[in-house]
Amino acid sequence: MLLHDTALIFGRYARQTLRSRFQILFGILMPLLYLLFFGPLLTGLPLGPAGDSWQILVPGLLLQLGLFSASFAGFALIIDNTNGVVERMRVTPVSRAALLLGRVLRDALLFMFQAVLLVLAAVLMGLRAPLWGVLIGFAFVGLLTVSLASLSYALAMKVRTPQEFGPVINSITMPAMLLSGLMLPMALGPDWLDVLSHLTPFRYLVDAVRDAYVGSYATAHMLYGVLVALGFAALAVTLGTRVFHRA
């Protein structure tokens, strides 16, 4: 029943997404702007011990796409709640976990599609990375999307208006972006900032994807990244499912 109900919810929101081309295209706009206007400034600069500037920048932009897009996914649930859609779903026998998982899987599929477009654009601009490294990067983006979308929907079930939801998300995503080293490696900054950045889980994901993009798979960064990504996803989905069960 869980798989059946999840497929039903996923299908509903997937069809809704396909009818909204603006959501698909404009969701990738900010990372593309960084790629087009910020990437050429870094070309040829020695940003890290391994890899060129594109292998440093593109992994960060991939995770930035997942960070911002998935974090704001809860806005759609607030609108559904306001219009009574969630209330009507509650009186059906559909699994409460499926109400979350169907939405999260739709978000993961959408952001994976946008990630492919971003990487293709980066290849045209000069990115060179091994295929396995690119695929590993997609896997990390997918896990990050599942994690943040689950938490975003859980928060959306707790607040009543977008005016309450937006400031909370902004206060979390902006420090996370700055401390994770999405744009530039944190090792370039002062020691205290590098130490502080290790308190955010996104730092480990960024380091792991950058290692993958230079073909280094058996590294400590990769191990920590996998453990943090899987643990964060399990915790977020569990928390989100409990909120939907209690709501």
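Buried, in these legends, means under 20% relative accessible area. Every view below comes from a predicted model.

**View 1. A salt bridge joins R103 and D80.**
Let us start with a charged pair. The closest N and O atoms of R103 and D80 are 3.7 Å apart. Because R103 sits in helix α8 and D80 in helix α6 (residues 74-82), their pairing ties together parts that are 23 residues apart in sequence. Are these two side chains buried or exposed? D80 has 10% relative accessibility, so D80 counts as buried. R103, at 3%, counts as buried too.

**View 2. D107 and R106 meet through their side chains.**
Here is another of the four salt bridges that the structure holds. The N to O distance between R106 and D107 is 2.8 Å. D107 is buried, at 2% relative accessible area, and R106 is buried as well, at 6%.

**View 3. R203 takes part in a salt-bridge network.**
R203 pairs with D194, and their closest N and O atoms lie 2.8 Å apart. With a relative accessibility of 7%, R203 counts as buried. Which residues belong to the network? Shared partners link D194, R203 and D207 into one network of salt bridges.

**View 4. V206 is a buried residue of helix α12.**
Helix α12 covers residues 201-213. The relative accessible area of V206 is 0%, so V206 is buried. Leaving aside residues up to four places away in sequence, V206 touches L63, S180, G181 and L182. V141 makes an interesting landmark: V206 and V141 are 65 residues apart in sequence, and their C-alpha atoms are 10.0 Å apart.

**View 5. T241 of helix α13 touches A97 and L100.**
Look for T241 within α13, which spans residues 220-246. T241 counts as buried, since its relative accessibility is 16%. The contacts with A97 and L100 leave out residues up to four places away in sequence.

**View 6. Helices α3 and α8 run roughly parallel to each other.**
Their axes come within 11 Å and cross at roughly 10°. Angles under 35 degrees count as roughly parallel, so this description fits the pair. On the α3 side, P31, L32, L35 and L36 make the contact, while α8 offers L118, A121, A122 and M125.

**View 7. A nonpolar patch lies on the surface.**
Its members are F22, L25, F26, L29, L33, L36 and F37, with about 760 Å² of accessible area together. Helices α2 (21-26) and α3 (29-37) each give two or more residues to the patch. Which helix provides the largest share? That is α3, with four residues. F37 belongs to α3 and counts as exposed, at 61% relative accessibility.

Terms used
Residues numbered from 1 in each chain as written. Predicted model: local features only at pLDDT ≥ 70, side-chain atom pairs only at ≥ 80, totals over all residues. Heavy atoms only, no water. Patch = residues over 30% accessible without salt bridge, like charges linked within 9 Å, V, L, I, M, F, W, Y side chains within 5 Å. Areas by Shrake-Rupley, 256 points an atom, 1.4 Å probe, with all protein chains shown as cover. Buried < 20%, exposed > 50% of the residue type's maximum accessible area, 1.4 Å probe, protein only. Axes fitted to C-alpha atoms, helices over the stretch in contact; angles between N-to-C directions. Parallel < 35°, antiparallel > 145°, perpendicular 65-115°, else oblique. Contact = heavy atoms within 4.5 Å.
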